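Here are my notes on the structure, set out as numbered points. They go through the strands and their connections, then some individual residues, and end with the pockets and the cysteines.

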Amino acid sequence: MTKIAVFGSTGSIGEKTLNIVNYYNTKHPNSFQITCLSCNTNVEKLYNQCLIAKTKCVLIPQSFVEKWKDKFNLLNISVLTIEQDIKTISQIQFDTAIVGISGFSCLYYLQYIINNNSLKKLCLANKESIV
């Protein structure tokens, strides 16, 4: 089973990634597991994605934690904050990271993602990170 983390899951790249994973898993059960999802502002959409993906961890801005933490905890999902817990990305188990974060802000994530010992594939959908 390939474990996938989707950073920027509520954007178009993240949505398409989750759609492909869900479709493929219906044809070949348990091929992929979404272990972590993140978003910048659309936490409600992220929550709905978690209901489908059954992820173990989310990464959200601190400003949303008070409103959403209990809802995620009811689903047994760990809530990490971008501002305080991003360094723990290197400790989350995932084989593949899909980075669909726009602009230079993706570089903030990348510095921690690339230090993850379980990482085998890094998929970038962002021209700033490649330049």
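1. In this predicted model, strand β3 (residues 57-60) and strand β4 (residues 78-81) run parallel and are joined by four bridges. Within this pairing, Leu59 stands opposite Leu80 in β4. The connection between the two strands passes through helix α3 (residues 65-74), and β3, α3 and β4 together make a right-handed β-α-β unit.

2. On another side of the pairing scheme, β2 and β3 are also joined in the parallel sense, here over three bridges. Ser38 is the residue that stands opposite Leu59 in β3, and Leu59 is also the residue that stands opposite Leu80 in β4. The elements β2, α2 and β3 form a β-α-β unit that is right-handed.

3. Strand β1 (residues 2-7) pairs with β2 over six bridges, again in the parallel sense, and Val6 has Leu37 as its bridge partner in β2. Between these strands the chain crosses through α1, and this β-α-β crossover from β1 to β2 is right-handed.

4. How many of the seven residues of β2 are buried? Five of them are, so β2 is largely enclosed by the rest of the structure. This is the strand that pairs with β1 over six bridges and with β3 over three.

5. Two residues deserve a look at their backbone angles. Lys54, although it is not a glycine, has a positive phi of about 55°; Lys54 is found in the loop between α2 and β3, and with a relative accessible area of 58% it is exposed. Asn76, likewise a residue other than glycine, has a positive phi near 60°; Asn76 has its place in the loop between α3 and β4, and it is exposed, with a relative accessible area of 67%.

6. Pro61 also belongs to a loop, the one between β3 and α3. Is Pro61 buried or exposed? Its relative accessibility is 7%, and Pro61 therefore counts as buried, the limit for that class being under 20%. As a reference for distances, Pro61 and Ala97 are 36 residues apart in sequence, while their C-alpha atoms lie 19 Å apart in space.

7. The largest pocket holds about 300 Å³ of space. It is lined by 18 residues, of which Gly8, Cys39, Asn40, Ile101 and Ser102 are the closest to its centre. The elements that give two or more residues to this lining are α1 (12-27) and α5 (105-113), and α5 gives the most, with three residues. By class, the lining has six nonpolar and twelve polar residues, and no charged residues, a point to keep in mind when reading the polar count, since Gly is placed among the polar residues.

8. The second largest pocket has about 180 Å³ of space. Its lining includes Met1 together with Val21, Asn22 and Asn25, then Asn30, Phe32, Gln33 and Ile34, and also Ile52, Ala53 and Lys54. The elements that give two or more residues to the lining of this second largest pocket are α1, β2 (32-38) and α2 (43-53). Its residues divide into six nonpolar, four polar and one charged. Lys54, which is among the lining residues, is the exposed loop residue with the positive phi discussed above.

9. Why is there no disulfide between Cys39 and Cys50? The sulfur of Cys50 is 8.9 Å from that of Cys39, its closest cysteine sulfur, and this is too far for a bond, since a disulfide requires the two sulfur atoms to be within 2.5 Å. The count of disulfides accordingly comes to zero; for Cys39, which is in no disulfide, the nearest cysteine sulfur is that of Cys50. As for their surroundings, Cys39 counts as buried at 3% relative accessibility, and Cys50 is buried with a relative accessible area of 3%. Cys39 is also one of the residues closest to the centre of the largest pocket.

Methods: Residues are numbered from 1 along each chain as its sequence is written. This is a predicted model: local features need pLDDT of at least 70, side-chain atom pairs count only at pLDDT 80 or more; totals for chains, interfaces and linings use all residues. Side-chain values use heavy atoms; hydrogens and water are left out. On a 1 Å grid over the protein atoms alone, a cavity is a set of points where a 1.4 Å probe fits but cannot get out, and a pocket is an open set with protein on both sides within 12 Å along at least five of seven lines; lining residues have an atom within 4 Å of a point. Grid points are joined across faces, edges and corners, and a volume is the space filled by probe spheres set on the points. Buried means under 20% relative accessible area, exposed over 50%, partly exposed in between (1.4 Å probe, protein chains only). Two strands pair if DSSP finds at least two bridges between them. A crossover is right-handed if, with the strands pointing away from the viewer, the path from the first strand over the helix to the second runs clockwise.
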